[in-house]
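Work through the exercises below with the sequence and the structure at hand. Each task is followed by its solution, taken step by step.

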Amino acid sequence: MATSLGSNTYNRQNWEDADFPILCQTCLGENPYIRMTKEKYGKECKICARPFTVFRWCPGTRMRFKKTEVCQTCSKMKNVCQTCLLDLEYGLPIQVRDTGLSVKDEVPRSDVNKEYYTQNMEREIANSDGTRPVGQLGKAPSSSDMLLKLARTTPYYKRNRPHICSFWVKGECKRGEECPYRHEKPTDPDDPLADQNIKDRYYGINDPVADKLLKRASTMPRLDPPEDKSITTLYIGGLGDTVTDGDLKSHFYQFGEIRTITIVQRQQCAFIQFATRQSAETAAEKSFNKLIINGRRLTVKWGRSQAARGKEGIKDGVSEMGTRLDPVPGLPGALPPPPALDEEPPANYFNLDPSSSPAVMNIALPPPPGINPPPPGFGPPMFHHMGPMAPPMPPPMSMRPPGQIHYPSQDPQRMGAHAAHGARHGD
C-alpha cells in the first residue's frame with residue numbers, strides 16, 4: 001500500500017471507507033441473496049494507489065469469486081464498474097464510449113498530477129447530486145447512435161466463469177468434477193483479446209476489446225446522404241395496412257417542417273418530403289434501422305432524383321426516351337431466337353389410313369316417356385356409312401348404353417376383324 005496504517009504523516013482523510021460497491025449487473029450476479037465480505041482499507045486502488053475498502057463475493061453457482069479493483073472515486077470519474085471497468089450505462093469499454101460521445105478525458109499519469117486531479121474531482125463529486133457523471137463526461141451529449149447499437153441490453157453472466165485450469169491443460173489435474181476451474185481448451189495466445197490490461201482499459205488506450213467493437217461499428221450498415229443537395233425526400237417502406245398518414249406525421253414532424261406525405265398503398269410505401277435538407281438528414285439519421293411504428297419495423301431510405309431514375313430506366317439498349325444506344329464492345333451478342341415448333345401430327349394409335357374418313361354417326365335419342373317407340377324398320381337409321389364397305393364405328397363413350405364397355409383391343413378394324421366379319425355374313 002501507499003503507506004502503513006500506523007503512519008501519522010499521511011492524511012487518512014483521503015482513504016475510502018464505503019458501505020457498498022459500485023457494480024454493474026453482470027459483476028453483481030443473478031443471485032438476489034448475495035453475500036459479500038468487506039475489508040476496510042484492504043488494498044490500494046490500481047489507478048490512484050490510495051487505500052480503499054475491498055468487497056469480495058461470488059456472483060453465482062459455478063462462478064469465480066470477484067472483488068473490487070479500483071476505488072469509488074476513480075469509478076465515479078469515469079462512470080464505470082469497480083470490478084470490470086466497463087461503462088455503467090452502456091456496458092462498453094471506456095475507449096468505445098469516449099469515441100461515441102466524442103469525449104477526450106485524459107487522466108494524468110504522474111503521481112503528483114494524479115493526486116491533484118483526484119482531489120479536484122472529489123470536490124466536484126461532493127458538490128454534485130451524484131446522479132450524473134462529472135468532468136468532461138458530464139458535459140458530453142446524453143446518447144449516441146453508435147453506442148445504442150453496440151450497447152449490451154442484458155447481463156452477460158458468462159463473463160463470471162472460472163479461469164481455465166492450468167493443471168488440466170498439462171494433463172495433471174486430479175480433482176475431476178470437483179475442480180473449481182474450467183476444463184476447456186485455452187484460447188490462442190496470439191489472439192489480441194488474450195492480452196488485456198486494466199490500466200489501458202481505464203485510460204482508454206490499447207484496449208483490444210474496444211478495437212474489436214469499433215471495427216464492428218465501422219462495418220454496420222449506415223445511410224449516407226446523397227450528393228444531390230436538392231433531394232429532401234425520404235422513402236419509407238414496409239408500411240402494411242396499419243401505418244397511416246397520421247402515424248408518419250406524428251413521428252417525423254419532430255425533425256423539421258414536412259412539405260408533403262405521399263402514401264402508395266399498392267406498394268405499401270410512402271414518400272416524405274421535408275422543407276429543408278437539414279431536416280431530411282436529421283430524420284434519416286435518427287430513423288435509420290430504428291423506426292418502429294405500430295409494432296412494424298419500417299425501412300428508411302433516401303429518395304432518388306430524376307437523373308438517377310433516368311439511368312435506371314435504361315434497359316435492353318433503349319433509354320427512357322426511346323433512343324437506341326450503341327452496344328458495349330467486348331460483350332457477347334444476343335442469343336438467336338428459338339426455332340419455331342411445327343404443329344404436332346394427330347396421334348394415330350390404331351394405324352388407320354389417314355385418307356379414310358371416319359363414319360358420320362347419327363344416333364337417335366330415346367323417345368320421351370309416354371310415347372311408344374316406332375317398330376323396327378320404320379325408325380331413322382342408327383348409322384349412315386360413307387361407303388358401302390365401311391364397317392360400322394362404335395358409338396362414343398358418352399353415348400353408349402350402360403354396361404357396355406369398349407376397349408381398344410375390341411376395335412373391329414384390328415387383328416383381321418374385317419375379314420372375320422365378312423366371312424361371318426357370307427361376303
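**Exercise 1. Find where Val-80 sits between α2 and α3, and decide whether Val-80 is buried or exposed.**

Step 1. The model is a predicted one. In it, locate α2 at residues 72–78 and α3 at 94–101; Val-80 belongs to the loop that links them.

Step 2. The relative accessible area of Val-80 is 0%. Buried means under 20%, so Val-80 counts as buried.

Step 3. List the contacts of Val-80, setting aside neighbours within four places in sequence: Ile-22, Ser-75, Leu-85, Leu-86, Asp-87, Leu-88, Ile-94, Arg-97 and Tyr-202.

Step 4. Take one of these partners, Ile-22, and compare sequence with space. Val-80 and Ile-22 are 58 residues apart along the chain, while their C-alpha atoms are separated by 8.1 Å.

**Exercise 2. State which residues line the largest cavity, and of what classes they are.**

Step 1. Count the cavities of 30 Å³ or more: there is one. The space in the largest cavity is about 30 Å³.

Step 2. Its lining consists of Met-77, Lys-78, Arg-97, Asp-98, Val-103, Asp-105 and Leu-137. Two elements, α2 and α3, give two or more residues to this lining.

Step 3. Sort the lining of the largest cavity by class: three residues are nonpolar, none is polar and four are charged. Arg-97, part of this lining, is also a contact of Val-80 from the previous exercise.

**Exercise 3. Determine between which domains the second largest pocket lies.**

Step 1. The volume of the second largest pocket is about 570 Å³. Its lining has 23 residues, and those nearest the centre are Asp-145, Met-146, Lys-149, Arg-222 and Glu-285.

Step 2. Look for helices that supply at least two lining residues each; among them are α5 (145–150), α8 (208–218) and α10 (277–287). The largest share, six residues, is from α10.

Step 3. By class, the lining of this pocket divides into nine nonpolar, six polar and eight charged residues.

Step 4. Domain 1 covers 12–219 and domain 2 covers 231–308. Both contribute to the lining, and therefore the second largest pocket lies between these two domains.

**Exercise 4. Give the strand order of the open sheet of three strands, and explain why β1 and β3 stand at the edges.**

Step 1. The order is β1-β2-β3, and the pairing is antiparallel.

Step 2. β1 (36–44) and β3 (66–67) each have a single partner strand, so each has one side without a neighbour in the sheet; these are the edge strands.

Step 3. Check the pairing of β1 with β2, residues 51–57: six bridges join the two antiparallel strands. As an example, Lys-38 has Phe-55 in β2 as its bridge partner.

**Exercise 5. Place Thr-118 in its helix and name what Thr-118 touches.**

Step 1. Thr-118 is part of α4, which spans residues 111–127.

Step 2. With a relative accessible area of 2%, Thr-118 is buried.

Step 3. Beyond residues up to four places away in sequence, Thr-118 touches Arg-50 and Thr-73.

**Exercise 6. Describe the chain as a whole: how many helices and strands does it have?**

Step 1. The chain contains 12 helices and 11 strands.

Step 2. Of its 427 residues, 28% are buried.

Step 3. Consider contacts between residues at least 6 apart in sequence: 58% of these join residues at least 24 apart.

Conventions. Residues numbered from 1 in each chain as written. Predicted model: local features only at pLDDT ≥ 70, side-chain atom pairs only at ≥ 80, totals over all residues. Heavy atoms only, no water. Pairing = 2+ DSSP bridges. Helix = DSSP H or I, 4+ residues; strand = E, 2+ residues; numbered from the N terminus. Buried < 20%, exposed > 50% of the residue type's maximum accessible area, 1.4 Å probe, protein only. Contact = heavy atoms within 4.5 Å. 1 Å grid on protein atoms, 1.4 Å probe; cavity = no way out; pocket = protein on both sides within 12 Å on 5 of 7 lines; lining within 4 Å. Points joined across faces, edges and corners; volume = space filled by probe spheres on them. Nonpolar A, V, L, I, M, F, W, Y, C, P; charged D, E, K, R; others polar. Domains from an automatic or database assignment.
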